[in-house]
Protein chains: 2
Amino acid sequence: MSDARRRPPSSTDVAALAGVSQKTVSRVLNGEPYVSEEVRERVLAAARELGYRRNTAARALHLGRFHRIGVASIGSSLYGPSSLLVALERQAREIGYAFAVAYAGEGAGVMSAVESLLAQGVDAIVVSDPIDGSQELRIDADVPVLSFRPIPGPRVVVTGVSGVEAGRQATEHLLGLGHASVWHVAGPHRWPAARDRARGWREALAAAGAPEPPAQEGDWSPASGYAAGRVLAADPRVTAVFAANDDMAIGVLRALAEAGRAVPEEVSVVGMDDIPAAAYLSPPLTTIRQDFEAIARHGLALLAAEIERSPGEPALGDLPAHLVVRRSTAPPAKP
Amino acid sequence: MSDARRRPPSSTDVAALAGVSQKTVSRVLNGEPYVSEEVRERVLAAARELGYRRNTAARALHLGRFHRIGVASIGSSLYGPSSLLVALERQAREIGYAFAVAYAGEGAGVMSAVESLLAQGVDAIVVSDPIDGSQELRIDADVPVLSFRPIPGPRVVVTGVSGVEAGRQATEHLLGLGHASVWHVAGPHRWPAARDRARGWREALAAAGAPEPPAQEGDWSPASGYAAGRVLAADPRVTAVFAANDDMAIGVLRALAEAGRAVPEEVSVVGMDDIPAAAYLSPPLTTIRQDFEAIARHGLALLAAEIERSPGEPALGDLPAHLVVRRSTAPPAKP
DNA sequence: GTGAAAGCGCTAACAC
DNA sequence: GTGTTAGCGCTTTCAC
């Protein structure tokens, strides 16, 4: 209504309107004690009337805290990372933190995203997947960092995700079905998540005394899965494949279909992520599902504890992953 | 190295170390003129030595600007929204803005996300898809808002996205192939994007004088596409389907496969989004691809102009969408 | 119960 | 070219 709408109302304006001191407004807004009910009402009414909103910059300046968590995420619309992002935001808001995101572009690497977060002011940083272009990632800032992999740095807290466990589960499922060995289409080696899944696969193979075929390396994309799939389809010994994500599994499925190798009759395929489409592929894909909500909840709890410098519960072991069996896996054909 | 590392270094600390006034430090850091080269060097060296970083809270307090853009996004890992998010972040950083995200959960709706952004302090808000639980969305805040749909509010800038155009292109492609009509699996009616695509479909049908079959409404998920697909598969008149996104198209494909209706021989299917997996489905999916980079670039340019209150270029028409023809579409079978 | 005064780290006048 | 001063809006002592 007023035409002098250039500067948003301050707590001083609210105080003036309510006929109290500015400090009293502050007390009311922060729910501090020692304010009479009547004054409280008046202040609240004045604030509402003015459309008052706390100035977070002033607050942050004084407190030295931003109440903001920054996430350095992989700049992609991959299902895993974006699901994790959603879960992290929900949890952050839940525990009273705003949420900033910086994507690590292909070239730039994670460090540039971290720099950008630090520059804008955050109380803590989550490194969603600590890959970096070339050199070893290391975060020297004085803010707590949550990583899902051990990385060097003064205030890094780590929580386990289920990569290794997931790789193991997928492989054991296939081995349990009677396959002599399991082939692997891995994610890019630069990604810790990819290395974890491959490790789980390798460990399960070793534990079962199965031979370890060479892994194909993809880049998470269906196209790369397709390329790997063509190689595997041409090899008659291949009867079971574990792809490190569902997108690559889709490519594998396609290559197998084109080569006339029936799934699951001739070749079984397991993916990972349980993307919404997984249940509707031809055939519906057996896959591994991670609990991103649980990961986010636990990770941010750890981080919040570190921000407050409270004791901080010890890191848990790996967070759960579940095998979802559908129709892309079956026992091998009897020769 | 010092053990008194509780308060991060301020520009005063830098000034003391460099032996200049605090204001000079400010000048150097902001690249203002009238600083001798020698002093500039000294200040920069001191800043580096101390690991100095500008306190954005103090800066924002003084400037009354946060240099931060907030995005209220749909809390989901849907390919479209998350691709847009990535593009928006890249552009925001490009033009010097930090990036905050708040997801609108299923229940809460967009307004709660907007509130959360306003509370943390942003210079502008992007409403990625202005759906709201029940009531009409309306943003009364005094910050500029970028929306891809006209919504009421004092400082809303709008840019077109290609929903209508995309729906039209998909439908025309199918009609051009010789199909008598085109069935539609729409997104949730609450979503403007879904309504746009349906409108494009409807308009193209009308323009060609083709009958308009009832649309099936899905929720973007493969599961809902599958449900719609079962209905369509049972109707022998259906020879061409346009699904409002690729995920639902996947469900349609699955339903068709289970019903023994060959794609594209008996039924043609077009999706929308061009998810990475689209080219590797069985059959590879004809779809519509949006240029999210262009949308983000143009939208944020508009928004930045409004933040600066500069004239602001007029909104363009719809941004481009491209038909990507693959193997899921073909002329109808000759009866 | 409430108010006055100081100061967080920065930038914008305005001197020198 | 460089320094001084004031003040952004809030919270924190400390009076009253």
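**Two DNA strands, two protein copies**

Reader: How far does a polar side-chain atom of B:Arg54 lie from a phosphate oxygen of DNA strand C?
Author: The model is predicted, so the value is computed from predicted atoms. The pair joins a polar side-chain atom of B:Arg54 and a phosphate oxygen of DNA strand C. Their distance is 3.2 Å.

Reader: Which elements give two or more residues to the surface near DNA strand C?
Author: Both chains contribute. From chain A come α2 and α4. From chain B come α2 and α4.

Reader: Which element supplies the largest share of the surface near DNA strand C?
Author: By class, this surface has nine nonpolar, eleven polar and six charged residues. Five residues come from one element. That element is α4(B).

Reader: What percentage of the atoms of DNA strand C within 4 Å of the protein do sugar and phosphate account for?
Author: DNA strand C is surrounded by 26 residues, and among the closest are B:Arg7, B:Tyr52 and B:Arg59. Of the strand atoms that come within 4 Å of the protein, the sugar and phosphate part is 62%.

Reader: Which residue has a polar side-chain atom 2.9 Å from a base nitrogen of DNA strand C?
Author: A:Thr24 has a side-chain N or O atom 2.5 Å from this strand, but its partner is a phosphate oxygen. The base nitrogen is reached by a polar side-chain atom of A:His62.

Reader: What percentage of the atoms of DNA strand D within 4 Å of the protein do sugar and phosphate account for?
Author: Around DNA strand D there are 25 residues, and A:Arg7, A:Ser11, A:Lys23, A:Tyr52 and B:Thr24 come nearest. Of the strand D atoms within 4 Å of the protein, sugar and phosphate make up 57%.

Reader: Which residue has a polar side-chain atom 2.5 Å from a phosphate oxygen of DNA strand D?
Author: A:Asn55 uses a backbone N or O atom, at 3.3 Å from a phosphate oxygen. B:Ser36 also uses a backbone N or O atom, at 2.7 Å. The side-chain atom at 2.5 Å belongs to B:Thr24.

Reader: Which element gives the largest share of the surface near DNA strand D?
Author: At least two residues each come from α2 and α4 of chain A and from α2 and α4 of chain B. The largest share is four residues. It comes from α4(A).

Reader: What kind of axis relates the two copies?
Author: A turn of 180° lays chain A on chain B with an RMSD of 0.1 Å. The shift along the axis is 0.0 Å. The copies are therefore related as by a two-fold rotation axis.

Reader: Which strands stand at the edges of the open sheet of four strands in chain A?
Author: The order is β7-β6-β8-β9, with parallel pairing. Each edge strand has a single partner, so one side of each is left without a neighbour in the sheet. The edge strands are β7 and β9.

Reader: How many residues of strand β2 of chain A are buried?
Author: One side carries A:Ala98, A:Ala100, A:Ala102 and A:Ala104, all buried. The other carries A:Phe99, A:Val101 and A:Tyr103, also buried. Of the seven residues in β2(A), the buried ones number seven.

Reader: Is B:Thr159 buried or exposed?
Author: B:Thr159 lies in the loop between β5 and α7 of chain B. Its side chain makes a polar contact of 2.9 Å with the side chain of B:His298. Buried means under 20% relative accessible area. B:Thr159 has 1% relative accessibility, so it counts as buried.

Key
Residues are numbered from 1 along each chain as its sequence is written. Chains are lettered from A and ligands numbered from 1 in the order in which they are written. This is a predicted model: local features need pLDDT of at least 70, side-chain atom pairs count only at pLDDT 80 or more; totals for chains, interfaces and linings use all residues. Side-chain values use heavy atoms; hydrogens and water are left out. A residue is near a molecule or strand if one of its heavy atoms lies within 4 Å of it. A polar contact is a pair of N or O atoms within 3.5 Å; within protein, one must be able to donate a hydrogen and the other to accept it, and residues adjacent in sequence count only if both atoms are side-chain atoms. Copies are superposed by least squares on the C-alpha atoms of residues with pLDDT of at least 70 in both. Buried means under 20% relative accessible area, exposed over 50%, partly exposed in between (1.4 Å probe, protein chains only). Two strands pair if DSSP finds at least two bridges between them. Ala, Val, Leu, Ile, Met, Phe, Trp, Tyr, Cys and Pro count as nonpolar, Asp, Glu, Lys and Arg as charged, and the others, Gly among them, as polar.
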